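User: I am new to reading protein models. Could you take me through one, feature by feature?
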Amino acid sequence: MELDPEDVFRDEDEDPESQFFQEKEASKEFVVYLIDASPKMFSSTCLSEDEKQESHFHIAVSCIAHSLKSHIINRSNDEIAICFFNTREKKNLQELNGVYVFNVEKREGLDRPTAKLIKDFDSIEESFMNDIGSKNGIVSDSRENSLYSALWVAQALLRKGSSKTADKRIFLFTNEDDPFGSMRISVKEDMTRTTLQRAKDAQDLGISIELLPLSHPDKPFDISIFYKDLIGLNGDELTEFMPSVGQKLEDMKDQLKKRVLAKRIAKRITFMICDGLSIELNGYALLRPATPGTITWLDSTTNLPIKVERSYVCADTGAIMQEPIQRIQPYKNQNVMFTAAELSEVKKITTGHLKLLGFKPLSCLKDYHNMKPSTFLYPSDKEVIGSTRAFIALHRSMLQLGRFAVAFYGGTTPPRLVALVAQDEIESDGGQVEPPGINMIYLPYSNDIRDIDELHSKPGVAAPRASEDQLKKASALMRRLELKDFSVCQFANPALQKHYAILQAIALDEEQLRETRDETLPDEDGMNRPGVVKAIEEFKESIYGDDPEEESDSGAKEKSRKRKAADAGDYDFVELAKTGKLKDLTVVELKTYLTANNLPVGGKKDALINRILAHVSK
């Protein structure tokens, strides 16, 4: 197989367009939702978004159903399980009373979410009392402990996979802050001890437990009674946890979304500070564009995913190639052969990921140096002990001296220089707003930075520039239209939202599409404010003069045609047609001639050339 010289240094799994934004995520996630189904969850209510009274059980089920619908889009490879405790019926592999694992046919207890699971769970409230039922699973003078059993069942469901390749989490919904409060002191102490030990055993296996408490209107959820020890909160963590507890349905949805979408490691990086000193860093992709999921080809008969296999056939014998394919590069009438391992070694610029080169003042770093979304770096002592200590020392020094580090970033990615900018911690009354760490900014190559004057001017003619008055009026208009506290996270992609709404309606057999709001449309009321209207008029007057009559469509088209005709005059198309050099022009240049002479501009390059030849020969 002959090598493409431009493709030699491209990674085997690299998509040139998506690689600019996307980064690989290190692991998938296993999640078990534990829902308290005691009678107290059905009798306690709180106000919903439309000011209606809704039970805590309804809120928990609605939040999970909403989470599953977004989970199957955002992280379709993750696996989930749904488990109720304090139930009348039991359904679990351990045959423990008071625990019911909800599932559908042809699906394991812990598996990827399916359309049928989401559809059945969305309507579970209608049949819950008849099929599953509710009861107090922790009763005085009884040794049965449904909370202990639920944690046991959840831990058993999460035995699947390794904690090194998957994050394992339990989300616990309840409105009972003192599950053993009605028991005798000796029994309460024993059940508390065994339940906390069961939770600790799960956490020792790499399973994190997240609590989503539901407060009563007249009595807030007191996490300090029991659950602070179960989930391992203390000190500042305890005070920061309570303000985040939501009471309304929308608040709880937001809390669950924040906890489900935990920051995941996008890449692990070895940072070489100097010879003999390297530390370990975790890289996080903070902002990346949302894109539709990949297409999965299905068999038309079985509706199962198709496995694509590729075989190479020898052009001479027609036999299937069994040996690993080698690539060739012609050189001086000889074919130089390369194996895949040799090509990989050729592309390896450095043995390390990130190597420190030096430091520069922050004033040397310009806004236009940021070529792609940055990566947030944070230390890890998992493989290299002492990484955090060295990182903190470097981080503090960079902040104090106002410097950023310049480093070489290579390894398996295309090599480039990066700027490491220290970020200090930002806190507010509600807790941490921005964490401390380092932002890795990908610096441009020299040919990525283009001279504007060079692009927009002709030889011997200066590039057009705005006057001081025009700049002043434009700045005033921009200030009027500026969005306060703007964040890209405030606006959803309407096309993407509609795309997934259609998929959801098809998968769940919904009669109506989910309503999608286009938040990117202009604010008409805001644009009609007197201050904005005045700024627009002043800007137009500075551009068009005292008589700012807008050009008609026909006039604009005529001016555009004349301008393109002038551009077409830069070439002698008659001479180019005679000498057969039209093919040396670009498609844009060919279309310039066609537009100037009112000829069609559609078709491929060969069609454009033939059209010009026909016109010139007349």
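User: How much of the protein counts as buried?

Analyst: Keep in mind that this model is predicted. Of its 618 residues, 33% count as buried. Here buried means under 20% relative accessible area.

User: How many helices and strands are there?

Analyst: The protein has 20 helices and 18 strands. Contacts tell you about the fold as well. Take those between residues at least 6 apart in sequence: 67% of them join residues at least 24 apart.

User: How do I read a sheet? What is the order of the strands in the open sheet of five?

Analyst: Start with a general idea. In a regular strand, side chains alternate between the two faces of the sheet. Now the case here. The order is β5-β4-β1-β6-β7, and the pairing is mixed.

User: Why is one side of β5 and of β7 left without a neighbour in the sheet?

Analyst: Both stand at the edges: β5 covers 99–102 and β7 covers 207–213. Each has a single partner strand, so one side of each lacks a neighbour in the sheet. From one strand to the next, the twist averages 20°.

User: In which sense do β1 and β4 run?

Analyst: They run parallel. Seven bridges join β1 (residues 28–36) to β4 (residues 79–85). Pick out one pair: Val31 has Ile80 of β4 as its bridge partner.

User: And a hairpin? How many residues lie between β10 and β11?

Analyst: Two residues lie between them. Lys332 is in the turn, with a positive phi of about 50°. The strands, β10 at residues 327–331 and its partner β11, pair in the antiparallel sense over five bridges. Tyr331 stands opposite Gln334 in β11.

User: What is the count of buried residues in β11?

Analyst: Zero, among the five residues of this strand (334–338). β11 is hardly covered.

User: Now helices. How do I describe two that pack?

Analyst: Use two values: the angle between the axes and the distance between the axes. Try α19 (residues 587–596) and α20 (residues 605–616). They pack at an angle of about 35°, with axes 10 Å apart. Their crossing is left-handed.

User: Which residues make that contact?

Analyst: From α19, they are Val587, Leu590, Lys591, Tyr593 and Leu594. From α20, they include Leu608, Ile609, Ile612 and Val616. The contact residues divide into eight nonpolar, one polar and three charged.

User: What feature does UniProt place at residues 582–616?

Analyst: The record, an unreviewed entry, gives "domain: SAP" there. Over residues 582–616 the chain is 63% helix and 0% strand. The end C-alpha atoms of this stretch are 12 Å apart.

Methods. Residues numbered from 1 in each chain as written. Predicted model: local features only at pLDDT ≥ 70, side-chain atom pairs only at ≥ 80, totals over all residues. Heavy atoms only, no water. UniProt positions renumbered as here; feature names shortened; annotations may be inferred. Helix = DSSP H or I, 4+ residues; strand = E, 2+ residues; numbered from the N terminus. Axes fitted to C-alpha atoms, helices over the stretch in contact; angles between N-to-C directions. Left-handed = near helix turned anticlockwise from the far one by under 90°. Contact = heavy atoms within 4.5 Å. Nonpolar A, V, L, I, M, F, W, Y, C, P; charged D, E, K, R; others polar. Buried < 20%, exposed > 50% of the residue type's maximum accessible area, 1.4 Å probe, protein only. Pairing = 2+ DSSP bridges.
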